[in-house]
Amino acid sequence: MTELKQHLNEKGLRLTWQRQVVMEVVGKHKGKHLSSSEIFELVKESHPSIGLATIYRTLPLLEKMKLLNKICLDDGCVRYESYTPKEQEHHHLICMACGAVYEVEQDLLGIKEKQIIRDNHFSIKGYMVKLYGYCESCAEKKSEMKKEVAL
Ligand SMILES: [Zn+2]
Ligand SMILES: [Zn+2]
């Protein structure tokens, strides 16, 4: 945490205890994608005095500080995860049935990047791909349903 504090001090930002607690919770759930209310519930376990409004205020701030990544899924639910620098970028597989989010670290666009820069005079600073589909258990459920209909 001290390295983090130093980094923030250089930027003139303060890491209040509320911000620190939120960072700890998100850090403990690496690879998870937590909604604001899930983060609230987790923080409340150790800090019952914290209010939901504080969490809602804190999350966008931490995102601005580049401590958290915000992921907007099309279900209208905003989720957060630990900040990942560009070289560690990953993409998300999103289940359309249960909303589960999985991570893939493959470089999905790689080869095309230079071409895009050349053709569009657009320099790419990062990208995050969202792939929609069904997770294994939802796909199974779906095929079972189809079987039932067929009977
Ligand atoms: Zn699913
Ligand atoms: Zn992720």
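Leu93 stands opposite Tyr102, a residue of β5. That cross-strand partnership is a handy way into a small sheet in this predicted model, so to speak from the middle outwards.

Leu93 sits within β4, which covers residues 91-95. This strand is joined to β5 by four bridges, and the two run antiparallel. On the β6 side, the pairing of β4 is parallel, again with four bridges. Here it's His92 that has a partner to point out: Lys130 in β6 stands opposite.

Here are the two pairings next to each other:

| Strand pair | Sense | Bridges | Residues standing opposite |
|---|---|---|---|
| β4 and β5 | antiparallel | four bridges | Leu93 and Tyr102 |
| β4 and β6 | parallel | four bridges | His92 and Lys130 |

Put together, the strands make an open sheet of three with the order β5-β4-β6 and mixed pairing. The edges are β5 (101-104) and β6 (130-133), each of which pairs on one side only. If you ignore direction, neighbouring strands in this sheet are turned by 25 degrees against each other on average.

How much of β4 is buried? Four of its five residues are, under 20% relative accessible area, so β4 is largely enclosed by the rest of the structure.

One last thing to look at is the turn. β4 and β5 form a hairpin with five residues between the strands. In that hairpin, Gly99 takes a positive phi, near 80 degrees.

How values were computed
Residues are numbered from 1 along each chain as its sequence is written. Chains are lettered from A and ligands numbered from 1 in the order in which they are written. This is a predicted model: local features need pLDDT of at least 70, side-chain atom pairs count only at pLDDT 80 or more; totals for chains, interfaces and linings use all residues. Side-chain values use heavy atoms; hydrogens and water are left out. Two strands pair if DSSP finds at least two bridges between them. Axes are lines fitted to C-alpha atoms, for helices over the stretch in contact, and angles run from 0 to 180 degrees between N-to-C directions. Buried means under 20% relative accessible area, exposed over 50%, partly exposed in between (1.4 Å probe, protein chains only).
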